[in-house]
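The exercises below ask you to read contacts, surfaces and burial from a set of coordinates. Work through each task with the structure open before you turn to its solution.

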There are 2 protein chains.
Amino acid sequence: MQATHERNEQSTEQVRVLVVDDEPNIVDVISMALRFEGFSVDSAGSGADAIASVAASKPQVMVLDVMLPDIDGFEVARRLAGARAGVPILFLTARDGTEDIVRGLTLGGDDYMTKPFSLEELVARIRTILRRSGLTEPESSQLVFADLALDEDTREVSRGARPIELTATEFRLLRYLMANPRRVLTRAQLLDHVWQYDFGGDARVLETYISYLRKKIDVEAPALIHTVRGVGYSLRLPRG
Amino acid sequence: MQATHERNEQSTEQVRVLVVDDEPNIVDVISMALRFEGFSVDSAGSGADAIASVAASKPQVMVLDVMLPDIDGFEVARRLAGARAGVPILFLTARDGTEDIVRGLTLGGDDYMTKPFSLEELVARIRTILRRSGLTEPESSQLVFADLALDEDTREVSRGARPIELTATEFRLLRYLMANPRRVLTRAQLLDHVWQYDFGGDARVLETYISYLRKKIDVEAPALIHTVRGVGYSLRLPRG
DNA sequence: CGCCAGGCTGTGAGTTGTCTGAGAGCTTCC
DNA sequence: GGAAGCTCTCAGACAACTCACAGCCTGGCG
């Protein structure tokens with residue numbers, strides 16, 4: 001669903017991302033999301049393809065599934081170690097034992113996420129990786145709207161002087177809202193971006209979380225989170 | 001269904017849309033509406049046709065019903081996934097369980113609408129999809145007439161400096177009027193575009209909503225909404 | 001000038017959409 | 001292995017919206 005191009009003016013050149021996963025659906029979902037965020041995306045379905053592709057297209061960052069039919073992700077990374085000369089990797093891993101192994105590998109500029117994840121999170125992590133490795137203008141990791149501020153690196157959130165503690169889901173939701181200020185985001189957009197891509201549950205969670213956020217953010221201050229009945233929600237200043 | 005060509009100067013080329021639905025009536029209604037909006041429309045009545053048609057006519061956006069007699073819409077999308085290389089899809093789905101399933105698929109540039117819908121909404125969504133995916137000049141999401149402004153992304157409406165709150169139906173009605181400034185829109189056109197295509201109720205709702213809009217827009221300022229007795233309504237400046 | 005069809009608008013009922021509290025199941029952390 | 005925290009489900013209360021209806025108003029025409 002429509003992501004925004006707000007922050008995507010990659011100065012002159014598009015950043016090239018290589019997405020490696022053997023499930024075509026996953027590749028599709030990720031590629032689409034990243035293209036809409038302004039990245040240039042290539043993909044590969046196996047370890048061998050991945051290695052070939054790195055040589056050919058010289059991506060600036062890779063999204064690499066650990067479970068691949070031929071050479072596993074770790075091995076791909078190892079083989080590229082010499083060649084990749086600092087191409088950072090975002091590993092994808094199932095929620096199981098491999099998690100721990102990956103953690104050990106994500107030293108340099110690397111990072112990892114467990115499947116399933118939300119697109120919001122994926123995009124945010126890629127941005128962080130790029131920022132860290134100096135491959136893009138170091139945009140600030142701060143999102144600010146009115147007196148509300150959110151830092152993507154430190155995960156600190158505050159309204160005015162008051163610090164606010166958010167849970168993981170609340171954070172993703174607020175980050176997505178703040179990345180698209182004033183725009184009315186539909187229920188479907190919010191569910192697609194903020195929840196895991198395989199979320200099939202009750203769409204009413206969204207309302208629950210909006211309610212949580214309001215209790216933390218919109219108390220004792222002008223409300224910033226607004227309901228647009230029949231459509232979705234929007235972050236804006238009260239009009240008037 | 002007669003809509004306008006006002007905003008449709010697709011610089012040089014027409015945008016090609018493929019409409020896929022097994023109900024000929026629906027295909028007809030949608031095709032008419034889109035042609036009048038300046039799109040070039042092809043249609044297909046089954047999943048197999050759709051796939052063939054994509055290969056043949058290379059549409060830039062698809063309107064795809066999920067319930068098809070042979071291959072369902074999801075499967076069509078999946079089979080096209082490799083080949084379509086980012087052809088965004090607007091899924092049509094009944095208001096039932098499938099809604100949730102579609103949501104998961106509407107990542108990238110896709111979107112969905114539940115049947116029945118209004119043509120006004122359909123056209124607006126296709127425009128949004130095209131704008132987001134960079135397939136047309138990113139026209140502004142702002143509609144302006146005299147001192148009246150309407151933003152499709154933020155859904156904010158204002159007259160001069162004064163912000164105006166509209167309900168969903170009021171918004172669709174005003175958007176349609178503003179997309180066709182000065183033109184006299186007939187009662188039938190308004191009902192067809194702004195209300196769901198299967199609306200069978202009392203045509204007098206229209207007057208009710210015109211009345212609502214006037215109260216919100218045409219108070220304390222020159223009236224912009226004008227009645228053309230026996231025909232319909234028109235958005236224009238008072239003559240003088 | 002009076003009549004009538006067409007248009008306007010206030011009232012209200014039914015429907016639909018949203019909010020929020022309570023709690024069940026999970027995970028994580030000690 | 002227990003406690004705490006988080007995510008998600010559910011249901012009831014509430015609010016907003018849509019539409020129907022009916023009576024009044026208005027403009028056009030004889």
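Helices (H or I, at least four residues) and strands (E, at least two) are here DSSP runs, numbered from the N terminus. This is a predicted model, in which local features need pLDDT of at least 70 and side-chain atom pairs count only at pLDDT 80 or more, while totals for chains, interfaces and linings use all residues. Residues are numbered from 1 along each chain as its sequence is written, chains are lettered from A and ligands numbered from 1 in the order in which they are written, and side-chain values use heavy atoms, with hydrogens and water left out.

**Exercise 1. Describe the protein surface near DNA strand D, from its helices down to single atoms.**

Solution. Begin with the elements: helix H6 (168-179) and helix H8 (205-217), in chain A and in chain B, each supply at least two residues of this surface, and H8(A) gives the largest share with four residues. A residue counts as near a strand if one of its heavy atoms lies within 4 Å of it.

Next, take the residues themselves. Of the 24 around DNA strand D, those that come nearest are Thr167(A), Tyr212(A), Thr167(B), Thr169(B) and Tyr212(B). Sorted by class, the surface has 11 nonpolar, seven polar and six charged residues, where Ala, Val, Leu, Ile, Met, Phe, Trp, Tyr, Cys and Pro count as nonpolar, Asp, Glu, Lys and Arg as charged, and the others, Gly among them, as polar.

Then turn to the DNA side, where 70% of the atoms of DNA strand D within 4 Å of the protein belong to sugar or phosphate and the rest to bases.

Finally, look for polar contacts (pairs of N or O atoms within 3.5 Å; within protein, one must be able to donate a hydrogen and the other to accept it, and residues adjacent in sequence count only if both atoms are side-chain atoms). The side chain of Thr169(A) places an N or O atom 2.7 Å from a phosphate oxygen of DNA strand D, and a polar side-chain atom of Trp195(A) also lies 2.7 Å from a phosphate oxygen of that strand. For Tyr212(A), the partner of the side-chain N or O atom is a base nitrogen of DNA strand D, at 2.6 Å.

**Exercise 2. Which residues come nearest to DNA strand C, and how do the residues of the surface near this strand divide by class?**

Solution. Of the 22 residues around DNA strand C, Arg187(A), Thr227(A), Tyr233(A), Thr227(B) and Tyr233(B) come nearest. On the DNA side, sugar and phosphate make up 79% of the atoms of DNA strand C that come within 4 Å of the protein.

By class, the surface divides into three nonpolar, eight polar and 11 charged residues. H8 and strand S11 (225-228) of chain A, together with H8 of chain B, each supply at least two of its residues.

At the atomic level, phosphate oxygens of DNA strand C have side-chain N or O atoms of Arg214(A) at 2.7 Å and of Thr227(B) at 2.6 Å, and a polar side-chain atom of Ser211(B) lies 3.4 Å from a phosphate oxygen of this strand.

**Exercise 3. Characterise the interface between chain A and chain B.**

Solution. First count the residues: 26 of chain A are in contact (heavy atoms within 4.5 Å) with 24 of chain B. The two chains bury about 2,400 Å² between them, 53% of it on carbon and sulfur atoms; buried area is the accessible area (1.4 Å probe) that two parts lose on being put together, summed over both.

Next, there are three salt bridges between the chains, each a side-chain nitrogen of Lys or Arg within 4 Å of a carboxyl oxygen of Asp or Glu. One of them joins Arg236(A) to Glu165(B), with the closest N and O atoms 3.9 Å apart.

On the side of chain A that touches chain B, helix H1 (24-36) and helix H7 (187-194) each supply at least two residues, and H1(A) gives the most, with six. This side has 14 nonpolar, six polar and six charged residues.

**Exercise 4. Is Asp21(A) buried or exposed, and what surrounds this residue?**

Solution. Locate Asp21(A) in the loop between strand S1 (16-20) and H1 of chain A. Its relative accessible area is 1%, so Asp21(A) is buried, a term that means under 20% relative accessible area, with exposed over 50% and partly exposed in between (1.4 Å probe, protein chains only). The side chain of Asp21(A) reaches the backbone nitrogen of Glu23(A) at 2.9 Å, and its contacts beyond four places in sequence include Asp65(A) and Lys115(A).
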